[in-house]
Amino acid sequence: MPTSTSLVTNLPADFNTFGQGVDTSMAQLKGGSTGQVLSKTSATDMAFTWITPTDQTPLTTKGDLFTFTTVDARLAVGNNGESLVSDSSTSTGLRYQGSMAAGKNILINGGFDIWQRGTSSASTGYTTADRWYMNAATTTFSQETTTVPTGVRYALKALTSGTTTVQFRQAVETLNAIQFAGKTVVLSGEYQASTTTTIQTKLFYSTSVDNSVTGSWTEITATTGGTVSAVSGSYTKSSSVFAVPSTAKSLMVLFDTGSVASAVSLYYGKIQLELGSVATEFERAGGTIQGELAACQRYYYRNGTGAGYQPMGFGLASSSTNGMIMINFPVPMRTSPASIDFSTLQVNDTTVGTAVSAVAYSGSEYGTMSAVINATTSGMTTYRPVKLLANNSATGYLGFSAEL
Amino acid sequence: MENITYFQSLDTNTGEATDWVLIDHGNEQFTSMLKSTYDEQQAQAEHFTPMIPSDE
């Protein structure tokens, strides 16, 4: 091998010697096959070998995540609507679970937890489950405790007593509904029936602020879903997707069967209206049971269905026929209550207690926090302190409504 | 069958009377409201959309 000072006298031979030296020095870089990579075998210069890499991708399916246990690992994609959370008990430290974001469900009492007015009624109106307006044409709506979806205590049962349309609805006030204007929303629930029945799951909107449940509404056509076939023996989960117009200020959901025969039982549970096109795990609008009760009491508050002489309020007799009673509401109501419900009450001055025949506000002495009511009665002594009580009846009550 | 009666409630501050409606639901249950509120609800019910289904 010539050096830098060597006199080149035979160029072909010297070049051949040089080439052989390079080939010997780089011999370990030769060889290998497709896909192989060079790996050092020691710290010595030019100590290489060809190897096949072991860290191939573990991903196999759409949505898989490339993660790690003690080696590279695959985390399969979760179910629709689930979120990824940390979980140190799993091999990858990750887990998919249902979304439980607070306040995502804008339907109050979608789990049918709250029944301030009673647990059964065949009358139209706000009669049973809080916040739900029942169209009780030949239908009895009641609290169901046995045939309920997994994970909740109650469901709403509708039992027909003749050929009829089973229909009920809930209006959403503007403060809650307007966040959905111009957005895609999904209405979900679980349904069962004693005989296979098609239930229409509908969404309506209004451009009016705080439109009444009995007001004028425009239906939004579902982009997917819109009906569910409720069957016997098990609950069917269903969801419908709607594009809410940007002008919407109030929303209303409505469940409608069309014509069904007599003696058909229908069951509804876990009703939820949320943003997005994929239904997520059901959650109460109020988050907790006490939160849900407070949310309901913003629209309707009832004191009663307790002891025979359940106390309702305290005041004084403004005349021999009127007890003026101060009432404090447990939570601020949506608006000043527009109507007062009552049953089986008495005004009592500790000497005499006489039945109440009518209840009204004392002039304009009422608001969202409290009210002074006039309870029409008899036999009172003017300016004597009085109590408003249930009239020796566990069914006595006093209620205030600020429903839509 | 509901029974409707009218009565007046006295404002103990001003002495003025306001008109009220008492709805007797027939089972010892009553609802009362200002007559103006009742009239408003009755007018609104005529434009109820979608309609409440009636007995078939």
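The points below cover confidence, strand pairing and selected residues in this predicted model.

1. Confidence. The model has an ipTM of 0.87 and a pTM of 0.81. Chain B has an average pLDDT of 83, with 80% of its residues scoring at least 70. Within chain B, strand E3 (residues 30–34) has the highest confidence, at 96, and helix H1 (residues 35–45) has the lowest, at a mean of 87.

2. The six-stranded sheet. Chain A contains an open sheet of six strands in the order E7-E9-E10-E18-E12-E16, paired antiparallel. Strands E7 (120–121) and E16 (236–243) of chain A are at the edges; each has a single partner strand, so one side of each is left without a neighbour in the sheet. Inside this order, E12 (residues 184–193) and E18 (residues 265–275) of chain A are joined by eight bridges in the antiparallel sense. In this region A:Val185 is opposite A:Leu275 of E18(A).

3. A:Glu144 and its charge. A:Glu144 belongs to strand E9 (residues 139–144) of chain A, and E9 is one of the six strands of the open sheet. Which side chain of opposite charge is nearest to A:Glu144? The residue is A:Lys157, 4.5 Å away, and A:Glu144 has no salt bridge although it is buried. The separation is not counted as a salt bridge because the cut-off is 4 Å between a side-chain nitrogen of Lys or Arg and a carboxyl oxygen of Asp or Glu.

4. Surroundings of A:Glu144. The side chain of A:Glu144 does reach a backbone nitrogen, that of A:Thr147, at 2.7 Å. With residues up to four places away in sequence left out, A:Glu144 touches A:Arg153, A:Tyr154, A:Ala155, A:Lys157 and A:Tyr267.

5. Strand E17 of chain A. How many of the eleven residues of E17 (residues 250–260) are buried? Nine are, and the strand is mostly covered. E17(A) pairs antiparallel with E11 (residues 164–172) of chain A over eight bridges, and A:Phe168 has A:Phe255 in E17(A) as its bridge partner. E17(A) is also joined to E13 (residues 197–206) of chain A, again antiparallel, by seven bridges. There, A:Leu203 is bridged to A:Val253 in E17(A).

6. Strand E20 of chain A. E20 (residues 311–319) runs antiparallel to E27 (residues 385–390) of chain A, with five bridges between them; A:Gly313 is opposite A:Leu388 in E27(A). E20(A) also pairs with E21 (residues 322–328) of chain A, in the antiparallel sense and over five bridges. A:Leu316 has A:Met324 in E21(A) as its bridge partner. The connection from E20(A) to E21(A) is a hairpin through two residues.

7. Helix H3 of chain A. Buried residues in H3 (residues 289–297) are A:Glu292, A:Ala295, A:Cys296 and A:Gln297. The buried residues of this helix pack against strand E19 (300–304) of chain A. In general, residues three or four places apart in an α-helix point the same way, because there are 3.6 residues a turn.

8. B:Asn3. This residue is in strand E1 (residues 3–10) of chain B. Its relative accessible area is 43%, so B:Asn3 is classed as partly exposed. Outside its neighbours within four places in sequence, B:Asn3 contacts B:Leu22, B:Ile23 and B:Asp24. B:Asn3 and B:Thr37 are 34 residues apart in sequence, and their C-alpha atoms are 17 Å apart in space.

Definitions and conventions: Residues are numbered from 1 along each chain as its sequence is written. Chains are lettered from A and ligands numbered from 1 in the order in which they are written. Side-chain values use heavy atoms; hydrogens and water are left out. Two strands pair if DSSP finds at least two bridges between them. Helices (H or I, at least four residues) and strands (E, at least two) are DSSP runs, numbered from the N terminus. pLDDT is the predictor's confidence in each residue, from 0 to 100. Buried means under 20% relative accessible area, exposed over 50%, partly exposed in between (1.4 Å probe, protein chains only). Lys and Arg count as positive and Asp and Glu as negative; His and the chain ends are not counted. A polar contact is a pair of N or O atoms within 3.5 Å; within protein, one must be able to donate a hydrogen and the other to accept it, and residues adjacent in sequence count only if both atoms are side-chain atoms. Contact means heavy atoms within 4.5 Å.
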